[in-house]
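Here is a short guided tour for anyone who likes to know a protein before taking it to the bench. Have the view open and turn it as you read.

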Amino acid sequence: QAYNCLIHFYKRVLTMIPVRAILTMKVLWCVVLMFGLVVGQEDGGPMVTKQVWFNITIGGETEGRIEIGLFGDIVPITVKNFYELARKTTVGEGYKGSKFHRVIRNFMLQGGDFTTGDGTGGKSIYPGGQFDDENFDLKHYGAGWLSMANAGRDTNGSQFFITVVKTSHLNGKHVVFGKVVKGMDVVRKIEWNPVYGNGNTPIKAVEIVDCGGGEVVDPYSVALAAAYD
């Protein structure tokens with residue numbers, strides 16, 4: 001009975017409102033919805049178009065998998081390089097079998113040197129082994145962001161790093177092109193793996209024992225914030 005009374009009241013109110021006013025309200029409501037959708041898109045982060053995964057061991061012990069989303073629409077050249085190196089199946093030709101050679105707590109984890117393993121080597125898929133900085137549209141927003149390591153401007157090869165904190169001082173100097181979407185617990189395990197003395201070389205080797213990747217069928221956006229599991 002209460003429900004019937006509510007419906008009756010609603011119908012009476014509608015009959016008291018001019019048709020023009022009702023139409024105006026509908027138009028305004030559509031505008032609000034459209035504005036909300038646009039704002040939502042603008043406020044959203046970059047779209048993940050490809051994903052890469054790393055299976056990690058520390059000191060020979062399996063620790064888990066890191067999954068990384070790549071932003072192919074924003075930095076396609078950089079993404080293609082990383083993506084193809086992650087899909088190489090032969091050790092010494094890509095990331096498979098390579099190590100995180102440099103680990104600095106409260107800063108970042110660096111890897112990708114699959115030729116010498118100590119941070120002095122590595123090469124891109126492009127002629128000459130290096131390629132230019134594509135753009136600096138994305139920033140180092142917090143933990144879990146993937147960026148190219150370099151030896152100065154326009155010296156990108158295969159080395160990369162994953163941030164473990166916000167590193168704003170690197171903005172405009174290193175090309176950001178991905179974000180960890182799963183496996184931040186593994187990232188933290190690498191971060192807290194002991195290093196030699198006052199250096200940054202892990203005592204227990206951190207190895208990418210296997211890796212791969214694929215296209216994302218339904219691209220999705222990630223937040224411009226730190227990565228969490």
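The notes below go from the overall fold to a pocket, a serine and two loop residues.

**The fold as a whole**

Please keep in mind that this is a predicted model. The protein has four helices and eight strands. Read from the N terminus, the order of elements is α-α-β-β-α-β-β-β-β-β-α-β. Of the 229 residues, 39% are buried. Among contacts with a separation of 6 or more, 69% join residues that are 24 or more positions apart. The protein exposes about 12600 Å², and 58% of that area comes from carbon and sulfur atoms.

**The largest pocket**

Rolling a probe the size of a water molecule over the atoms shows where empty space is left. In this model the largest pocket holds about 330 Å³ of space. Its lining is made up of 22 residues, and those nearest the centre are Gln110, Ala149, Asn150, Ala151 and Gln159. Sorted by class, the lining has 14 polar, six nonpolar and two charged residues.

**Ser158**

Which loop holds Ser158? Ser158 sits between strand 5 (145-148) and strand 6 (160-163). Is Ser158 buried or exposed? Its relative accessible area is 1%, and because the cut-off for buried is under 20%, Ser158 counts as buried. A polar atom of the Ser158 side chain lies 3.1 Å from the backbone nitrogen of Lys123. Lys123 also appears among the contacts of Ser158 when neighbours within four places in sequence are left aside. That list further includes Asn81, Leu85, Tyr95, Phe114 and Met148, along with the glycines Gly111, Gly112 and Gly122. Ser124 is in contact with Ser158 too.

**Two loop residues with positive phi**

Most residues other than glycine have a negative phi. Asn106 has a positive phi, and so does Asp154. Asn106 is in the loop between strand 3 (100-104) and strand 4 (108-111). Asp154 is in the loop between strand 5 and strand 6, where Ser158 is also found. The table puts the values for these two residues side by side.

| Residue | Phi | Relative accessible area |
|---|---|---|
| Asn106 | near 60 degrees | 52% (exposed) |
| Asp154 | near 60 degrees | 29% (partly exposed) |

Why is Asn106 called exposed? Its relative accessible area is 52%, and exposed means over 50%. Asp154, with 29%, is partly exposed because that value falls between the cut-offs of 20% and 50%.

Technical notes: Residues are numbered from 1 along each chain as its sequence is written. This is a predicted model: local features need pLDDT of at least 70, side-chain atom pairs count only at pLDDT 80 or more; totals for chains, interfaces and linings use all residues. Side-chain values use heavy atoms; hydrogens and water are left out. Helices (H or I, at least four residues) and strands (E, at least two) are DSSP runs, numbered from the N terminus. Buried means under 20% relative accessible area, exposed over 50%, partly exposed in between (1.4 Å probe, protein chains only). Contact means heavy atoms within 4.5 Å. Accessible areas come from the Shrake-Rupley method with a 1.4 Å probe; for residues, only the protein chains shown count as cover. A polar contact is a pair of N or O atoms within 3.5 Å; within protein, one must be able to donate a hydrogen and the other to accept it, and residues adjacent in sequence count only if both atoms are side-chain atoms. On a 1 Å grid over the protein atoms alone, a cavity is a set of points where a 1.4 Å probe fits but cannot get out, and a pocket is an open set with protein on both sides within 12 Å along at least five of seven lines; lining residues have an atom within 4 Å of a point. Grid points are joined across faces, edges and corners, and a volume is the space filled by probe spheres set on the points. Ala, Val, Leu, Ile, Met, Phe, Trp, Tyr, Cys and Pro count as nonpolar, Asp, Glu, Lys and Arg as charged, and the others, Gly among them, as polar.
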